[in-house]
Amino acid sequence: MDVTIPESRVAGRVRAPPSKSYTHRAILAAGYGDDAVVSEPLLSADTRATMRAVEAFGGTVDRGDDRLDVSGFDGRPAVPDDVIDCANSGTTTRIVTACGALVDGLCVFTGDESLRSRPQGPLLDAIGQLGGRAESTRGNGQAPLVVGGPVEGGTVSIPGDVSSQYVTALLMAGAVTHGGIEIELETELKSAPYVDITIEVLDDFGVDAERTDAGFAVPGGQSYRPEGGEYAVPGDFSSMSYLLAAGAVAAADGDAVVVEGARPSAQGDSAIVEILDSMGAPIEWNQEAGEITVPRASLSGTVVDVGDTPDLLPTIAALGAVADGDTVIENCEHVRYKETDRVEAIAAELTKLGASVTEDRDRLAVHGGESDLSGARVDGRGDHRIVMSLAVAGLAADGETTIRGGEHVDVSFPGFFEALESLGVEVHRSR
Ligand SMILES: O=C(O)C1=C[C@@H](OP(=O)(O)O)[C@@H](O)[C@H](O)C1
Ligand SMILES: C=C(OP(=O)(O)O)C(=O)O
């Protein structure tokens, strides 16, 4: 689907969707337990992949509008009847692969073309160190994967600079092993706040896991159960970043965008508030009310290290294209291992809108203010975050911006274009 965004002014209140990261973890945590309700879940293509996996392992997930009733497999996943399709979701692939290592038999995991190009080698290696079987069918460390166990726990050594999701996956599975899992990190951990999210969710399900000097550890023999049998998902700050950025680049004179559902949590991506502040936006976060208000501002460039916040890179780059001066995004090599190589993708697509960028392996500089952005035809690269970031840039570009592949927002923020419409943007969709 092509989506056309005209240069626009926006204003109004909009609610952030529920967190994708928390929803994935809550669904699988409930799967590892017996019965639990996940309330206010994100219902999106990626979280549906995790629901399918829980069902393949012997659980059931009854999908309501704003709740999921999960009947889990009680720490003992069954051999799936079929291959598990993780679609476009890296999180699903990693967390269910570690669950597959608990199975007394074999499981096969695959996904779409993007997913089948993403790195899984360190996780396969870790499962091997635990005595499980874990192979890439093509021998290239990418899905399709064949995984089996049952592993009973132990110590693993893994790199920390490819994906934090390997740590998340091992901690979640380790809690129901006999002996628990100790994780030694070979290199500094990137995307570290996502492991904080994991530890927070585990804690809410009554499971202990902790940071250690060497990395992380989770004792075995634990049971997953949220207090009162119910777990509520908080709002998603990565998704909010597009709405807040829209306000900062395009709010109507004297008006603002107000984003609801912004309660503090372990999400590193709440750094978007400080980043917008550092660019000169008079942004205000009422943490008690869970509301962030942002009017339009003349933005200026900033320097951001995205080691902890990879998913913000496309948003920051779009903001940088509208701002005056240079916006420098550092420590971003791991952002190349996502649905697309997002450093290359956003650099190339913003260039089509007239932005000037300098791309290095671990750094992206956007030279704002050199010329005004002008609408053009751009490619969302089949990547939800590239699509949404280009839509933000489109709000501030002269004329119209047409984004190819608008339907991919379904991965994390299915109502994204409706949210823009509610803020006053005339979104045009064509097939
Ligand atoms: O665990 C998670 O929920 C996520 C971790 C991050 O990935 P990496 O740890 O691979 O950087 C992030 O980019 C992804 O969108 C969600
Ligand atoms: C990279 C992302 O997710 P995943 O790793 O789950 O595909 C994302 O949502 O930006």
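**Exercise 1. Find where S191 sits in this predicted model, and decide whether S191 is buried or exposed.**

Solution. Begin with the chain around the residue: in this predicted model, S191 belongs to the loop that links β11 (181–185) with α6 (193–204). Next, look at the backbone, where phi of S191 is near 60 degrees, a positive value in a residue that is not a glycine. As a rule, most residues other than glycine have a negative phi. Finally, count the neighbours: a residue is buried if 20 or more other C-beta atoms lie within 10 Å of its own, and because S191 has 23 C-beta neighbours inside 10 Å, S191 counts as buried.

**Exercise 2. Carry out the same steps for E40: which loop holds E40, and is E40 buried or exposed?**

Solution. The loop that holds E40 lies between β3 (35–39) and α2 (45–56). The backbone of E40 has a positive phi of about 50 degrees, although E40 is not a glycine. For the last step, the count for E40 is 20 C-beta neighbours inside 10 Å, and therefore E40 counts as buried.

**Exercise 3. Locate the cis peptide bonds that lead into P144 and P150, and state in which loops these prolines are placed.**

Solution. Take P144 to start with: the peptide bond from A143 to P144 is cis, with omega near 0 degrees, and P144 is placed in the loop between β8 (133–136) and β9 (145–148). Then turn to P150, where the peptide bond from G149 to P150 is cis with omega near 5 degrees, while P150 itself is found in the loop between β9 and β10.

**Exercise 4. Work out the order of the strands in the open sheet of 4 strands, and name its edge strands.**

Solution. The strands of this open sheet follow the order β10-β11-β13-β12, and their pairing is mixed. The edge strands are β10 (154–158) and β12 (210–211), each of which pairs on one side only. Looking closer at β12, we find 2 bridges that join β12 to β13 (residues 215–218), and these two strands run antiparallel. Within this pair, E210 has A217 in β13 as its bridge partner.

**Exercise 5. Describe the surroundings of V96, and say which residues V96 contacts beyond its neighbours within four places in sequence.**

Solution. V96 is part of helix α3 (residues 90–100). Since V96 has 31 C-beta neighbours inside 10 Å, V96 counts as buried. Once its neighbours within four places in sequence are left aside, V96 is in contact with A53, I84, C86 and F109. For F109, which is 13 residues from V96 along the chain, the C-alpha separation from V96 is 8.5 Å.

Technical notes. Residues numbered from 1 in each chain as written. Chains lettered and ligands numbered in written order. Predicted model: local features only at pLDDT ≥ 70, side-chain atom pairs only at ≥ 80, totals over all residues. Pairing = 2+ DSSP bridges. Buried ≥ 20, exposed ≤ 12 C-beta atoms within 10 Å, placed from the backbone. Contact = placed C-beta atoms within 7 Å.
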